[in-house]
There are 2 protein chains.
Amino acid sequence: MTSDFETQLRAVSLRVTRPRLAVLEALRDHPHVDTDTVIALVRANHPTVSHQAVYDVLRALTDAGLIRRIQPARATARYESRVGDNHHHVVCRSCGAIADVECAVGHAPCLTASDDHGFVVDEAEVVYWGTCPDCATDRISQ
Amino acid sequence: MTSDFETQLRAVSLRVTRPRLAVLEALRDHPHVDTDTVIALVRANHPTVSHQAVYDVLRALTDAGLIRRIQPARATARYESRVGDNHHHVVCRSCGAIADVECAVGHAPCLTASDDHGFVVDEAEVVYWGTCPDCATDRISQ
DNA sequence: GGCAAAACTTGATTCATTCCAGAAGAGTGA
DNA sequence: TCACTCTTCTGGAATGAATCAAGTTTTGCC
């Protein structure tokens, strides 16, 4: 378990520290959480970790590609540990809930822009906007 | 020209005010600008407009669907006046430049999630990440 | 064990965005 | 055209996520 994260960290030549392991654990157990929640989760087990350390760790892990930062409009940054597969997200407009969505179309035609304006594109990010089941129910019952 | 914007505003039952017209003009002439730039552009013609008014107007116009807010990760909010067609954006990782991209695939298979988790999806937003021509050139020449 | 570099702690700061109270302006009916 | 009402705007202060800075601790390596 922990040694798994250790391996991941070493693989990208990052040192293995308690804050980093704690962040990785928190993200494994709670996908799509924002920075504040990560801090709270980490402190549940390691009360002395500073918020600055969490920001630092999140940035380091993101740069290293171990976690992914997602930031839908009008929301604070969220992170998830699932990387490598090109999956996407559905975001609820009303409550901000996020769920994973597999990339429907196999080799992903949507990942190729029609006219790239000379840009060298290396990733396509898709965000589906809508209403989650809970909010849809609320709206009807009101 | 101006009367065109006036019509748009009235169509969504928003009052026609100088700040609103100024913001719409600024966005027509400068697509993909951030809030600060909008404020600067508006003040070029109407020096007395407060920053709060611009924030207010941008929100009102966004809610009304006259403009669209785009907010790539690690960047401040940007706005564009092109709405209605489902076009997407290429964002340069290094300088933040944004360019429009037509939706390549006609009726857009990428707009349909494979498993929507019960979400009612009404929009799919695609962001292509990469390097713009200028930054690519810089990198090579260094 | 001991050393250098990387990472962490504490505390302050920045900056986009929002909140608030009062003033001004737009639309409406007489 | 004029007065009235409600929306919008002005100016200033406040919020909150994220970053910066200085000094201390820890990690990985010899």
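**Note on the DNA-facing surfaces and a helix pair in chain B**

1. In this predicted model, the residues of the surface near DNA strand C divide into eight nonpolar, eight polar and five charged. There are 21 residues around DNA strand C, and those that come nearest are A:Pro19, A:Ser50, A:Gln52, A:Ala53 and B:Ala77. Two or more residues of this surface are given by each of α2 (18–29) and α4 of chain A and by each of α3 (35–45) and α4 of chain B. Helix α4(A) provides the largest share, four residues.

2. Around DNA strand D there are 23 residues, of which A:Val16, A:Ala77, B:Pro19, B:Ser50 and B:Ala53 come nearest. Chain A contributes through α3 (35–45) and α4 (51–64), and chain B through α2 and α4, with at least two residues from each of these helices. Here the largest share, five residues, belongs to α4(B). By class, the surface near DNA strand D comprises nine nonpolar, eight polar and six charged residues.

3. Two helices of chain B that supply residues near DNA strand D, α2 and α4, also pack against one another: the axes of α2 (residues 18–29) and α4 (residues 51–64) come within 10 Å and cross at roughly 70°. The two helices, α2(B) and α4(B), are therefore roughly perpendicular.

4. On the α2(B) side of this contact lie B:Pro19, B:Arg20 and B:Val23, which meet B:Ala53, B:Val54, B:Val57, B:Leu58 and B:Leu61 in α4(B). Seven of the contact residues are nonpolar, none is polar and one is charged. B:Pro19 and B:Ala53, listed in this contact, are also among the residues that come nearest to DNA strand D.

Key. Residues numbered from 1 in each chain as written. Chains lettered and ligands numbered in written order. Predicted model: local features only at pLDDT ≥ 70, side-chain atom pairs only at ≥ 80, totals over all residues. Axes fitted to C-alpha atoms, helices over the stretch in contact; angles between N-to-C directions. Parallel < 35°, antiparallel > 145°, perpendicular 65-115°, else oblique. Contact = placed C-beta atoms within 7 Å. Nonpolar A, V, L, I, M, F, W, Y, C, P; charged D, E, K, R; others polar. Near = placed C-beta within 6 Å.
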